[in-house]
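The following report walks a newcomer through selected parts of one structure, beginning with a helix and ending with a sheet.

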Amino acid sequence: MLAGALAGATAWAAPAGARHSNLRHERPLTELERTDAERLLVVVTKEVPLDPVDYAPSDLVPWRDTAYELRAEVNDQLEELFSAAEAEGLGLRVISGYRSYETQAGTYDYWVRNYGQASADATSARPGHSEHQTGLAVDLDDLTGGCYLDACFGELPEGRWVARHAHRFGFVLSYPQGLRDRTGYTYEPWHLRYVGPHAARAMRELGVPLLQDYRSPRVAAAGLGSLLGRRD
Ligand SMILES: [Zn+2]
């Protein structure tokens, strides 16, 4: 499985300037899509940790004038997303970005101590198992804080807009409604994962909401994963 996924990403990333003629929306590959595809599309779940488990990205930058950090391209793309939302009168703010292995260990311990292991595992990732450790994940809120880390964010105009438009900027919802059996997480309309505009758009067009499914050899073999394993 890992070898198949790895080969797919390598084949996609390798040919500089390669054309994906089956994609309806041609646009140049981003820097991360060209140079760091394996990290960009890495699958991190409760079962699959980062490798190495204490991985930290080397290109973190601060989000605006906050203490939150994101990988540089994620930061740029999120600026685009915020601008587009603001143009429609929707105000967003970042409430979490990159979290180190050590920070995640502290967060997870906090949940275990206060709410017990089962609750912690439904809510917080174990260290090495958080998408936030990739520097590619960000949690959003509207400006009122009324639905802070709450499913009701998905019902706000801001949350609905994010769900509808995030893919244009390369983001997907990692923990959609109704897929807890697959993801291990309850619905998190505030948690976005950057996968790059190509993969995000392809996942949406194919109706494949989860990155692990998009990266599966079955999807690639069926010719659905247009960014994976094509050598044309
Ligand atoms: Zn999150």
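How many residues does helix α4 have, and how far does helix α4 reach from its first C-alpha to its last? Helix α4, residues 72-87, has 16 residues and reaches 23 Å, which is close to the 22 Å expected at 1.5 Å a residue, where the expected span is 1.5 Å times one less than the number of residues. The model is a predicted one, in which local features need pLDDT of at least 70 and side-chain atom pairs count only at pLDDT 80 or more, while totals for chains, interfaces and linings use all residues. Residues are numbered from 1 along each chain as its sequence is written. Helices (H or I, at least four residues) and strands (E, at least two) are DSSP runs, numbered from the N terminus.

**Helix α4 and His 165**

In α4, the buried residues are Glu 73, Val 74, Asn 75, Gln 77, Leu 78, Leu 81 and Ala 85; a residue is buried if 20 or more other C-beta atoms lie within 10 Å of its own, exposed if 12 or fewer, and partly exposed in between, with C-beta atoms placed from the backbone. An α-helix has 3.6 residues a turn, so residues three or four places apart point the same way. Just after α4, Gly 89 takes a positive phi of about 80°. His 165, which is found in helix α7 (residues 157-165), has its C-alpha atom 9.1 Å from that of Ala 84, although the two are 81 residues apart along the chain. His 165 counts as partly exposed because it has 15 C-beta neighbours inside 10 Å.

**Backbone in the loops**

Most residues other than glycine have a negative phi, and most peptide bonds are trans. The table lists two residues with a positive phi that are not glycine.

| Residue | Phi | Loop | C-beta neighbours within 10 Å |
|---|---|---|---|
| Arg 64 | near 45° | between β1 and β2 (69-71) | 11, exposed |
| Leu 149 | about 50° | between β4 (137-142) and α7 | 14, partly exposed |

A cis peptide bond, with omega about 0°, joins Asp 51 and Pro 52, and Pro 52 is found in the loop between α3 (37-40) and β1 (60-62).

**The sheet**

An open sheet is formed by 4 strands in the order β3-β4-β6-β5, with antiparallel pairing; two strands pair if DSSP finds at least two bridges between them. Its edge strands, each pairing on one side only, are β3 (92-96) and β5 (171-173). Strand β5 pairs with β6 (residues 191-194) in the antiparallel sense over 3 bridges, and Phe 171 stands opposite Tyr 194 in β6.
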